[in-house]
Amino acid sequence: MSHLSERPEKPVVGVSMPHESASLHVTGAALYTDDLVHRTKDVLHAYPVQVMKAHGRVTALRTEPALAVPGVVRVLTVADVPGVNDAGMKHDEPLFPDEVMFYGHAVAWVLGETLEAARLGAAAVEVELDELPSTLTLKDAIARSSFHGINPVMVAGDVDAGFAESAHVFTGEFEFSGQEHFYLETHAALALVDENEQIFIQSSTQHPSETQEIVAHVLGCSSNEITVQCLRMGGGFGGKEMQPHGFAAIAALGAKLTGRPVRLRLNRTQDMTMSGKRHGFHAEWKIGFDAEGRIQALAATLTADGGWSLDLSEPVVARALCHIDNTYWIPNARVEGRIAKTNSVSNTAFRGFGGPQGMIVIEDILGRVAPLLGIDPMELRERNFYQQDQTTPYGQLVTHPERISAVWEQVRANGGLTDRKREIAAFNAAHPHTKRALAVTGVKFGISFNLTAFNQGGALVLIYKDGSVLINHGGTEMGQGLHTKMLQVAATTLGIPLHRVRLAPTRTDKVPNTSATAASSGADLNGAAVKNACEQLRGRLLQVAATQLGAGAADVRIVEGFARALGSDKAVAWDDLIRTAYIQRVQLSAAGFYRTEGLHWDIKKFQGTPFKYFSYGAAATEVEVDGFTGAYRIRRVDIVHDVGDSLSPMIDIGQVEGGFVQGAGWLTLEDLRWDTSDGPHRGRLQTQAASTYKLPSFSEMPEEFNVALMENATEEGAVFGSKAVGEPPLMLAFSVREALRQAAAAFGPAGVSVDLASPATPEAVFWAVQAARSGEVRREDLPLDGGEIPARPIALSHA
């Protein structure tokens, strides 16, 4: 076992424990960025001047009326920017734009003594606009060739030969929508300036170092003049990886110009209308199978709705291409990626980061064609699982492919699927207007950042004279339990009880140049860095203990706060050991670092080994559908997920549950709608509140929800043998959508193929039931020569 993976005697990792801030969360004592306003004197409030048009050039901006509003202190415009007027890493996101690119784009910001004064001041600002034509939908962007960014192509094998050798070929289209992050805490920042003109920013950000960098660019200063702290976030899900930077820059600019603290917090409507979402995609595909139902070839074009600027669209599309295979071997493939430029918010990272968008394409294909091939969907998926020594279409060897089948079989056994499928068949035969179905889908998700340079982490660990330990690391806490795991990693590595370790808020002046807490890599990168720092300290302390115990340092162990030599009962308590080390002038602080080894990625060739390892999982979902309304309920879910040797089982199970429910929300409930008319509100987000945008709640939770973590699943080369857990479980929710498809098909004749819109709202399920009843596409419709079968293009439920 590797040094990084090996666990010592009596480890604290692997012990189930609650979130380190759980009691603070439930009592309301946990502080978030905006809570700090009430602890800060003389705060000014920032409010955006939004232009409610989808596209246009600003021809006049008059701020004088705002300054006449009582309580308004200043209006920030482009003229106030001392540095670069840009809030993005691609330099395509003007902080103060002269061209409005989406409905609700902010062109100026008003600072007021109160939020109400700032709001009234923003309403008084006069903006004149020369309206320009706007592109709102993916299909319009494709038709107009409105694209930006890279155009990657992934090629494996010989696609033409693969299709020529296929017994069955199908083609189709599939368009599926994005998803609103709807974190409980909206975007927020609080900036202060000290007597040395140093700027301190409290920001709800997943990427403090990049927030620091962008603010420095805008202010025209060095990064060492900016400190960014993230105390905690009330959710992030990727929405706070790139998009907080501009808001922090506005607060910092206001603070620098006025000398007073500036608070910026978006209300829910502003957050939903101004911030990016999960990318919606359009897919056009062609797939070939042999006579036994094994995939021979796949050709596809995936087009992402990037919105008005690039943001993270390029790596999102790259990851979508890398995940279109999911758990299935595709020997011959040609997949192209494109980014549509539309007049909507700039779409951004969201849990899964393009992986779900790639994987849903192949799962949708298999769900649609299984009846046409006359093969049970579960069996069709199993026949195409990766086997030993097979590689992905981008050339990476699939390690531990046996785990794909292992989690699948464990779900089958845990869920009693064989008996339940017989029960479902009997139920459906007896109920003409209500149908049930059971579907199983798997997950193979690559762990690491697409950009190799981001796969590094840092930490600073301090031991004080009283034996207490303080950890600083580069990861941010957004409720996912990263801090809890880091405490466990530190306590395990040092060999001390958990209560001796405390964790400091994430700050750029403690650990510099950190990567975003994203790509499910937070525990891998920061955990290894914390472990590295603690190992340095432990190595020094073992030398001190060895002298006291009269043994060699290699024979000394620190366990549960006591240092002992092998074969001896003599012990040195941790507190005594630390005091002795201090007296001997032994350094009691250490900076830790970790870089992920074994990664290589050539984006131009779209080949390499971009991922450290793959996480696996499988889910079985049973649903019941009402044939009159399309309404449905999730009766039962059984999940088995591979998290390696869990660092914190209770945290990991919570992440699996939460990821699944969020995925089910994306696939079945959350229906983003924009005004696409030519009226005065063209481009307006119509679902801009919880009243119009349906989120999963307790009523959508499975009636029976069983989650198990795969056992004996040590991951070599990862911290204490663990695996990432943040993103992979979201894709387990494909099983919900596939179960709904099969339930809808049960209303029709045998062999009917059902198209299902995404999100599969009750309305969409109702139309799928109607299509099934009419038996629109059946196995009997296949030509005897096994030629090309065009599957009907899918339409969104509101198209």
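Which residue in S24 stands opposite Ala459? In the predicted model analysed here, that residue is Gly592. The pair belongs to the contact between strand S17 (residues 456-463) and S24, which run antiparallel and are joined by seven bridges. Both strands are part of an open sheet of four strands, arranged in the order S19-S18-S17-S24 with mixed pairing. Strand S19 (501-503) and strand S24 (589-595) form the edges of this sheet, each pairing on one side only. On average, neighbouring strands of the sheet are turned by 25° against each other, direction ignored.

Strand S17 also pairs with strand S18 (residues 469-473), in the antiparallel sense and over five bridges. Within this pairing, Val461 has Ile471 of S18 as its bridge partner. The two strands, S17 and S18, make up a hairpin with five residues between them. In the turn of this hairpin, Gly467 adopts a positive phi of about 90°. Seven of the eight residues of S17 are buried, so the strand is largely enclosed by the rest of the structure.

A further open sheet is built from three strands in the order S4-S2-S6, with antiparallel pairing. Its edges are strand S4 (99-100) and strand S6 (126-131), each of which pairs on one side only. Strand S2 (residues 56-62) is joined to S6 by six bridges in the antiparallel sense. Among the paired residues, Arg62 has Glu126 in S6 as its bridge partner.

According to the UniProt annotation of an unreviewed entry, residues 27-133 are covered by the domain "Aldehyde oxidase/xanthine dehydrogenase a/b hammerhead". Over residues 27-133, the chain is 14% helix and 34% strand, and the end C-alpha atoms are 51 Å apart. Val72 is located in strand S3 (residues 72-76). With a relative accessibility of 12%, under the 20% limit, Val72 counts as buried. When residues up to four places away in sequence are not counted, Val72 touches Ala66, Leu67, Val110, Leu111, Gly112, Ala117 and Gly121. By contrast, a separation of 62 Å lies between the C-alpha atoms of Val72 and Ile330, which are 258 residues apart along the chain.

The largest nonpolar core comprises 112 residues, of which Ile287, Phe289, Leu302, Ile639 and Phe660 touch the most other members. Helix H10 (residues 355-373) supplies the largest share of this core, with ten residues. Apart from this core lies another, of 53 residues, which includes Val469, Leu494, Ala528 and Ala545. The surroundings of Phe660 were examined with neighbours within four places in sequence left aside. Phe660 is then in contact with Ala619, Thr621, Val637, Ile639, Pro702, Phe705, Pro729, Leu730, Leu732, Ala733, Ser735 and Val736.

In helix H16 (residues 574-583), the buried residues are Trp574, Leu577, Ile578, Thr580 and Ala581. These residues lie on the same side of H16, because they cover an arc of only 165° around the axis. The helix is followed by Arg585, which has a positive phi near 60°.

Most residues other than glycine have a negative phi, and most peptide bonds are trans. Several backbone positions in loops were considered against this background. Phe237, a residue other than glycine, has a positive phi near 55°. Phe237 is found in the loop between strand S11 (226-230) and helix H7 (244-258). Its relative accessibility of 28% places Phe237 in the partly exposed class. His400, likewise not a glycine, shows a positive phi of about 50°. His400 is situated in the loop between helix H11 (377-383) and helix H12 (402-414). A relative accessible area of 28% makes His400 partly exposed. Finally, the peptide bond from Ser758 to Pro759 is cis, with omega near 15°. Pro759 lies in the loop that connects helix H18 (734-745) and helix H19 (762-774).

How values were computed. Residues are numbered from 1 along each chain as its sequence is written. This is a predicted model: local features need pLDDT of at least 70, side-chain atom pairs count only at pLDDT 80 or more; totals for chains, interfaces and linings use all residues. Side-chain values use heavy atoms; hydrogens and water are left out. UniProt positions are given in the numbering used here, feature names are shortened, and annotations may be inferred rather than shown by experiment. Buried means under 20% relative accessible area, exposed over 50%, partly exposed in between (1.4 Å probe, protein chains only). The arc is that of the directions from the helix axis to the C-beta atoms. A nonpolar core is a set of buried Ala, Val, Leu, Ile, Met, Phe, Trp, Tyr and Cys residues joined through side-chain atoms within 4.5 Å. Contact means heavy atoms within 4.5 Å. Two strands pair if DSSP finds at least two bridges between them. Axes are lines fitted to C-alpha atoms, for helices over the stretch in contact, and angles run from 0 to 180 degrees between N-to-C directions.
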